[in-house]
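User: I am new to this structure and would like a close look at a single part of it. Please take me through the aromatic rings and how they pair.

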Amino acid sequence: MVITAKQEALVVSSWNEMKDDAPTFALKFFLRLFEIIPSAAKRFSFLRDSSLPLDKNPKLKAHAMGVFVMTCEAATQLRKTGRVNVGANTSVQHLASVHFKAGVADVHFEVLKFALLETIKEAVPYMWSEELKEAWSESYDHLVVAIKNEM
Ligand code: HEM
């Protein structure tokens, strides 16, 4: 198994602690990505065309929340089936095509991972450990590899 039952339990239990404020945390890790790589915001059509401040943009929040939820769900899928399944409404091929066309690069995925882990550490400091970090990292890495393999 690519993810152990213990790793899945760590991801799910920390998600349960964060879920009430998950949209805020999700937005936070995207804003962190844009602090580190400001040009990453230009990849999003709805940010290029908008005069709203980044932290008030509902589409950005929705994308960020999608990444957070899909990373969490990947832990359970990986433990159950050894594979990532992105859900009924989309496919890995579609996500790969959207990200490829938008010019999303390896460095964006890498920095987003750093920002995600940093945000989780700040959100649940009392749960934070190397094991928790590894568990979220594994989920995220498998999800991103699945997308990048089709890009
Ligand atoms: C679009 C998921 C990482 C930029 C999307 C969509 C989903 C998604 C579900 C909507 C696809 C559709 O239109 O049907 C994910 C997941 C990620 C990830 C699961 C990582 C695990 C990133 C990163 C960037 C990014 C690192 C970097 C900037 C974009 C852009 C779009 C998009 C630009 C198209 C938005 C638009 O202009 O309409 N993503 N994403 N994504 N994503 Fe991501």
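Analyst: What follows goes through the aromatic pairs, and then turns briefly to the metal site.

This is a predicted model, and the structure holds eight aromatic pairs. One of them is formed by Phe30 and Phe44, whose rings are edge-to-face, with 6.1 Å from centre to centre and 80 degrees between the planes. This pair links distant parts of the chain, since Phe30 belongs to helix H2 (residues 22-36) while Phe44 sits in the loop between H2 and helix H3 (45-48), 14 residues apart. Phe30 and Phe44 are both buried; for Phe44 the relative accessibility is 13%, which is why Phe44 counts as buried.

Phe44 also pairs with Phe46, and because the planes of these two rings stand at 45 degrees, with the centres 5.3 Å apart, this pair is tilted. Phe46, at 22% relative accessibility, counts as partly exposed. Ring pairs join these residues into a cluster that includes Phe30, Phe44 and Phe46, together with Trp15, Phe29, Phe34, Phe68 and Trp136.

Turning to the metal site, the iron atom of the ligand is coordinated by the NE2 atoms of His63 and His99, at 2.0 Å. The site is octahedral, with angles of 82 to 179 degrees among its six donor atoms. Here too, distant parts of the chain are linked, as His63 lies in helix H4 (residues 58-81) and His99 in helix H5 (residues 92-101), 36 residues apart. His63 counts as partly exposed at 26% relative accessibility, whereas His99, at 15%, counts as buried.

Key:
Residues numbered from 1 in each chain as written. Predicted model: local features only at pLDDT ≥ 70, side-chain atom pairs only at ≥ 80, totals over all residues. Heavy atoms only, no water. Phe/Tyr/Trp six-rings, centres within 6.5 Å; stacked < 30°, edge-to-face > 60°. Helix = DSSP H or I, 4+ residues; strand = E, 2+ residues; numbered from the N terminus. Buried < 20%, exposed > 50% of the residue type's maximum accessible area, 1.4 Å probe, protein only. Donors = N, O, S within 2.8 Å, 3.2 Å for Na, K, Ca; no water. Tetrahedral: all angles 85-135°; square planar, octahedral: opposite > 155°, others 65-115°.
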